[in-house]
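Okay, thanks for having me, everyone. Let me pull the thing up on the screen and then we'll walk through it together.

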Amino acid sequence: KGKCPEDGWDESTIELFLHELAVMDSNNFLGNCGVGEREGRVASGLVARRHYRLIHGIGRSGDISAVQPKAAGSSLLNKLTNSVVLDIIKLAGVRTVTSCFVVPMATGMSLTLCFLTLRHKRPKAKYIIWPRIDQKSCFKSMITAGFEPVVIENVLEGDELRTDIEAVEAKIKALGAENILCVHSTTSCFAPRVPDRLEELAVICANYDIPHIVNNAYGIQSSKCMHLIQQGARVGRIDAFVQSLDKNFMVPVGGAIIAGFNESFIQEISKMYPGRASASPSLDVLITLLSLGASGYRQLLKERKEMFSYLSSELKKLADNHNERLLDTPHNPISLAISLKNLDENNDTAVTQLGSMLFTRQVSGARVVPCGSVQTVNNYTFKGFMSHANDYPCAYLNAASAIGIKKQDVDVFLKRLDKCLKTSRKEAKKEKSINEINNSNTGTEQLED
């Protein structure tokens, strides 16, 4: 049926299935006689076993979705994977999606592929409207495609950084709709930035006949992000949305899903990919989804949401204990942030030192964001880089509840963060006292002189 099975398969069943696919590829035929330059020969038995002898990859030289005659098994695997992934996207909340394909590139390069496809439709266009998000790969995806990003600064509403809809529309009018390749929006992001106002952006794109590409990097795991995409497509225009395989399905880095509501446009993107492609990302996600089944993936989504509530409540208690506060970001369903005002006031370097302390204590993924950092990416200078704004009111620390997180992860993180905050505050106060004494001594010496 081309759908994810409701109940997961055991490993031996999955391996039997993969071996059945592999024997359909010509490189595994007993009497095969290959005289071409690409015959699926593998020197190492370990490498062959690692790939279940599915060596030919996917697609043909002119189309990543095309069927290879001498690789019927790999081609079938590719078709099945795309079909199963489409089923999961619908299950996660985008019910009217019509087409998708797995591409063996991470999110940034997959976005680039979308922009390059749009180039043929809009040859005059050279700008991409981009509500600011301080993440290098999505910014560089536009540069790599040869376009000029037009950065729209976010609006501060309470603690949240939200899309400036008026600024987007004003920029479209100023540049001219025909000169704009697309609007490049974002769903999943680090607090205090929250998902873009997708419905309003989609309506603007429909009104001005401008394509709309959504960076949904780790949004499949969030019902709120998926709802925004579904609603955006319902009331306005969304041409494609791109998401990572590793962040949403717990597989190795190296693949993404490009999906959309117009099957012919998604096929155009797949045909833009030059040459054949690695089957590894497709193989990894198919094995994972067959192992989990639809029920298993639903359970992971449910657990993630529960852990988000738990992390939020416990992080608030910890923040209160340290005279800090959990930033109020109700529109962000995955990421949370606590202020670091006390550290920032005591010592300029105390905030970054906290990040180092957490990392050396094996806490990964937590982002410590100081005030006022400046970074240049491809000749564009971002003030307040990492905070998604030129002047966010305070330094802060991020933590996220992503798919696969366990209560033990949250508890260990909170325990280590508590210790690090106590140590940081002591060291910051000590350094502040030393500086005050030094300043006082310097003043006394000047008076004596």
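Quick warm-up while you rotate it: in which helix does His-227 lie? That would be helix α8, residues 223-235. Helices here are DSSP runs of H or I of at least four residues, strands are runs of E of at least two, and both are numbered from the N terminus. His-227 counts as partly exposed, at 44% relative accessibility. For the cut-offs, buried is under 20% relative accessible area, exposed is over 50%, and partly exposed is in between, with a 1.4 Å probe and protein chains only. From His-227 to Leu-198 the C-alpha separation is 9.8 Å, with those positions 29 residues apart along the chain.

Before I go on, the ground rules. This is a predicted model, so local features need pLDDT of at least 70 and side-chain atom pairs count only at pLDDT 80 or more, while totals for chains, interfaces and linings use all residues. Residues are numbered from 1 along each chain as its sequence is written, and side-chain values use heavy atoms, with hydrogens and water left out.

Now the overall picture. The protein chain has 14 helices and 14 strands. Its C-alpha trace spans about 100 × 55 × 40 Å along the principal axes. The radius of gyration is 25 Å, which agrees with the value near 22 Å that a compact globule of 449 residues would have. That is taken over C-alpha atoms, and the globule rule is 2.2 Å times the number of residues to the power 0.38.

Of the 449 residues, 52% are buried. The chain exposes about 20,500 Å², and carbon and sulfur atoms supply 51% of that. Those areas are Shrake-Rupley with a 1.4 Å probe, and for residues only the protein chains shown count as cover.

On contacts, meaning heavy atoms within 4.5 Å: take the ones between residues at least 6 apart in sequence, and 73% of them join residues at least 24 apart.

Charges next. There are 53 positive and 49 negative ones, and their mean positions sit 5 Å apart. Lys and Arg count as positive, Asp and Glu as negative, and His and the chain ends are not counted. Each charge is placed at NZ of Lys, CZ of Arg, CG of Asp or CD of Glu.

So, cysteines. How many disulfides does a search of the whole structure find? Zero, where a disulfide is a pair of cysteine sulfur atoms within 2.5 Å. Why does Cys-114 have no bond? Because the closest cysteine sulfur, in Cys-182, is 8.8 Å away, too far for a bond. Cys-114 is buried, at 0% relative accessibility. Cys-225 tells a similar kind of story: its sulfur is 7.3 Å from the closest cysteine sulfur, in Cys-189, and that is too far for a bond. Cys-225 is buried too, with a relative accessible area of 1%.

Staying with buried residues, have a look at Ile-128 in strand β2, residues 127-131. Ile-128 is at 0% relative accessibility. Leaving aside neighbours within four places in sequence, Ile-128 has contacts including Phe-115, Met-142, Phe-147, Leu-181 and Cys-182. Ile-143 is 15 residues from Ile-128 in sequence, and their C-alpha atoms are 9.7 Å apart.

Then there's His-51, in the loop between α2 (45-50) and α3 (72-92). His-51 is buried at 18% relative accessible area. With residues up to four places away not counted, His-51 touches Ser-280 and Leu-283. His-51 and Ser-280 are 229 residues apart in sequence, but 7.3 Å apart C-alpha to C-alpha.

Last bit, backbone geometry. Most residues other than glycine have a negative phi, and most peptide bonds are trans. Asn-323 is not a glycine, yet has a positive phi of about 60 degrees. Asn-323 sits in the loop between α11 (280-321) and β10 (335-339), and is exposed at 58% relative accessibility. His-388 has a positive phi of about 65 degrees and isn't a glycine either. Its loop runs between β13 (380-383) and β14 (396-400). Is His-388 buried or exposed? Buried, at 0% relative accessibility.

And one cis peptide bond to click on: Ala-191 to Pro-192, with omega near 10 degrees. Pro-192 is in the loop between β6 (180-186) and α7 (198-208).
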